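Let's work through how some everyday structure words get their meaning. Have a look at the model first, then follow the questions.

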Amino acid sequence: MYQPQPFVTRLTFKSSDRPEAQEALERLTARYGDVGEDNAQVIVALGGDGFMLETLHEAIASQTPIYGMNRGSVGFLMNEYSEDGLLERINAAERAVIHPLAMVAIDARRTQHRALAINEVSLLRQTRQTAKLRISIDGKVRMGELVCDGALLATPAGSTAYNLSAHGPIIPIDGHVLALTPISAFRPRRWRGALLPQSARVTFEVLEADKRPVSAVADNFEVRDVVEVHISEDRGTSLAMLFDAGRSLEERVLAEQFSA
């Protein structure tokens, strides 16, 4: 999962709109320079976890590694902010390689919408009516009817985000599984979800879609009024995040399981 990083000297910086992130951008650019995204060996992202996800999505084409520093709120995916020794920290950092989920959502007009999700793909009820979903894994129906507020499929990297809030399991980064988690399941009430192999192809069918409309969300990309959603891991796309030595993503995920 973690690989040695080639010696880095060329950086480019990106920041969120938060004032503290903008101030950090100005100070770090003045100190370390900015070679531009086309020439950079590493992108330094300044913000919170939401901005890290945004930066990862933008880096899909180039697959440039990203080193984040927290200038936001939560910062689970970010390193601590410091202006000193940045190149030394980056060159000593551990690399976490993750693969996104590929979503194909088909709406009520039979239009296909494609998107990638780094954290999770969520199906969510759009109205006061509960959603009714049928869930198939690799073409076989495993749940004929799930009555719920929604359901999600999370990557290991995303297992500590919305998935954890929905009482899903935390997955080690190298666990080679995906978390299928219901959101406020009404029937079957005691179903807590499932762990699936990373090769699984998951299909959600929306039952009574006219009466109980459902949206599908891949990270921050939303499709309304879906009738089918197909999800699988995109092994052909690799994204790299860099973490300070001793504070790897694997260590953070493990520590999260013992937090209060």
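**Helices, cores and a buried serine**

Q: What covers the buried residues of α1?
A: The cover includes β1, β2, β3 and α3 (86-91). Helices (H or I, at least four residues) and strands (E, at least two) are DSSP runs, numbered from the N terminus. This is a predicted model, where local features need pLDDT of at least 70, side-chain atom pairs count only at pLDDT 80 or more, and totals for chains, interfaces and linings use all residues. Residues are numbered from 1 along each chain as its sequence is written, and side-chain values use heavy atoms, leaving out hydrogens and water.

Q: How do you know that the span of α1 agrees with what it should be?
A: The expected span is 1.5 Å times one less than the number of residues. For the 14 residues of α1 (residues 19-32) that gives 20 Å, and the end C-alpha atoms are 20 Å apart, so the two agree.

Q: Why do we say the buried residues of α1 line one face?
A: Those residues are Ala21, Ala24 and Leu28. Seen down the axis, they fall within an arc of 60° (taken from the directions from the helix axis to the C-beta atoms), so they line one face. Pro19, Glu26 and Ala30, on the other side, are exposed.

Q: Why does Ser248 count as buried?
A: Buried means under 20% relative accessible area, exposed over 50%, partly exposed in between (1.4 Å probe, protein chains only). Ser248 has 7% relative accessibility, so Ser248 counts as buried. You'll find Ser248 in the loop between β17 (239-243) and α5 (249-256).

Key
Contact means heavy atoms within 4.5 Å.
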